[in-house]
Amino acid sequence: MSTAGPRFDIDDLRDWIGREDIGTDIVSEDLARKYHATMDFAGAAPLPGEVVPRLIHFCLAQPAVPTANLGPDGHPARGGFMPPVPLPRRMWAGGAFNFHGDLRVGDIAKRTSRIENVALKEGRTGTLCFVTIQHRIEANGTLVLEERQDIVYRGLDATGGAVKAVPPAEQGVHQRPMKAEAPLLFRYSALTFNGHRIHYDRCYVTEVEGYPGLIVHGPLQAALLFYYASELLGAPPSHFSFRGLSPLFDDDAFALHAREDRDLLKVWTAKQNGALCMNAEASWS
């Protein structure tokens, strides 16, 4: 049994297609230092003029909505840039990146975001609403990154957040045991100015949304896989795509897995019990 969300008109939501949001930011030495520490990178943090890690753009030019204008889940109240989807759960379902260059400490970064599509599907909890956003990141006027972001809205489970069984993941040729505990989730939320309470408010995520623990951010999980792929091949990918398949929680023991597949490196996260959480593909071209 599931709790379907309220009925709504997809045509009204599709009116949001084409809306844009633009933000600018400086790739500061302070941000580079804090991101370096949060992700446990070896060596010294980047200095002025030096390249910063790819995917640090998630920390840049984020909308700064007044606290009074946040919704009950900690996200900005709906109906501004994002369409007012009347479903309670919002998750980052997946995305893809095409890199054209790198950001450096001291760059002026500009983010241009555009709603590309709004679509409805039927899932096990009832109606699902997918919102596709295209982002362009420029550094000092030069395009460095094109990104597709897939957001899914869904209803609450009537069973208190029980997660559908996921087939066991295969074992990678390369593996690395991991933990993503509360301090990492809190730091990442702070760096990305992400107020979504599922990542830091245990009472909210367990009592309101019905999950068993704090949820590891989709982009954080993708970043862990991206940096693992970069380490294995000795250079950051120029193309990277990922898709979330099941939630990963802060008390889950899990591992990063990887294997070569022709001209791709396939990487994924899987829990210690074998449940697959995220699939990704990296390529260099």
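**Cores**

I take a nonpolar core to be a set of buried Ala, Val, Leu, Ile, Met, Phe, Trp, Tyr and Cys residues joined through side-chain atoms within 4.5 Å. I keep in mind that this is a predicted model.

I looked up the largest core and found 58 residues in it. Which of them touch the most other members? I get Tyr35, Leu55, Phe97, Leu103, Leu220, Phe240 and Val267. Helix α5 gives the largest share of this core, with 9 residues.

There is also a second, separate core, made of 11 residues. Met82, Ile115, Ile133 and Ile151 are among them. Background for myself: in soluble globular proteins, nonpolar side chains tend to be buried together.

Next I picked Leu55 and listed what leucine 55 touches, not counting residues up to four places away in sequence. The list reads Tyr35, Phe97, Phe99, Ala222, Ala223, Phe226 and Tyr227. Tyr35 and Phe97 also turned up above, in the group of core residues that touch the most other members.

**Helix α3**

I went to α3, residues 182–191, and asked which of its residues are buried. They are Leu184, Leu185, Tyr188, Ser189 and Leu191. Looking down the axis of α3, I see these buried residues fall within an arc of 165°, so they line one face of the helix. The face turned away from that buried side carries Pro183 and Phe186, both exposed.

What covers the buried residues of α3? The cover includes α2 and α5, the latter spanning 218–233. I note that α5 is also the helix with the largest share of the big core.

**Two positive phi values**

After α3 comes phenylalanine 193, and its phi is positive. The value is near 50°, in a residue other than glycine. I place Phe193 in the loop between α3 and α4, the latter being residues 202–207. Buried or exposed, I wondered, is phenylalanine 193? Its relative accessibility is 55%, and the cut-off for exposed is over 50%, so Phe193 counts as exposed.

Arginine 262 is another non-glycine residue with a positive phi, here near 60°. I find Arg262 in the loop between β8 (254–261) and β9. Arg262 is exposed, with a relative accessibility of 84%.

**Salt bridges**

How many salt bridges does the structure hold? The count is 15. A reminder to myself: side chains of opposite charge can pair when their charged atoms come close.

I started with aspartate 30 and arginine 33, whose side chains meet at 2.4 Å, N to O. Both sit in helix α2 (residues 29–38), 3 residues apart, about one turn of the helix. Asp30 is partly exposed at 34% relative accessible area, and Arg33 is partly exposed at 47%. I also see a network of salt bridges here, linking Asp30, Arg33 and Lys34.

Then I turned to lysine 266. It forms a salt bridge with aspartate 261, with the closest N and O atoms 3.3 Å apart. Glutamate 281 forms a salt bridge with lysine 266 too, at 3.6 Å between the closest N and O atoms. This second pair links distant parts of the chain, with Glu281 in strand β10 (residues 276–283) and Lys266 in strand β9 (residues 264–271), 15 residues apart.

I checked how open this group is. Lys266 has a relative accessible area of 23% and is partly exposed. Asp261 is partly exposed, at 23% relative accessibility. Glu281 is partly exposed as well, at 31%.

**Histidine 135**

Last stop was histidine 135, in strand β4, residues 126–139. Its relative accessible area is 10%, and buried means under 20%, so His135 counts as buried. Which side chain does histidine 135 join through a polar contact? I find serine 113, at 2.6 Å.

I then listed the wider surroundings of His135, again not counting residues up to four places away in sequence. Histidine 135 touches Arg111, Thr112, Ser113, Leu145, Glu146, Glu147 and Gln149. Ser113, the partner in the polar contact, is thus on the contact list too.

Terms used:
Residues are numbered from 1 along each chain as its sequence is written. This is a predicted model: local features need pLDDT of at least 70, side-chain atom pairs count only at pLDDT 80 or more; totals for chains, interfaces and linings use all residues. Side-chain values use heavy atoms; hydrogens and water are left out. A salt bridge is a side-chain nitrogen of Lys or Arg within 4 Å of a carboxyl oxygen of Asp or Glu. Helices (H or I, at least four residues) and strands (E, at least two) are DSSP runs, numbered from the N terminus. Buried means under 20% relative accessible area, exposed over 50%, partly exposed in between (1.4 Å probe, protein chains only). The arc is that of the directions from the helix axis to the C-beta atoms. Contact means heavy atoms within 4.5 Å. A polar contact is a pair of N or O atoms within 3.5 Å; within protein, one must be able to donate a hydrogen and the other to accept it, and residues adjacent in sequence count only if both atoms are side-chain atoms.
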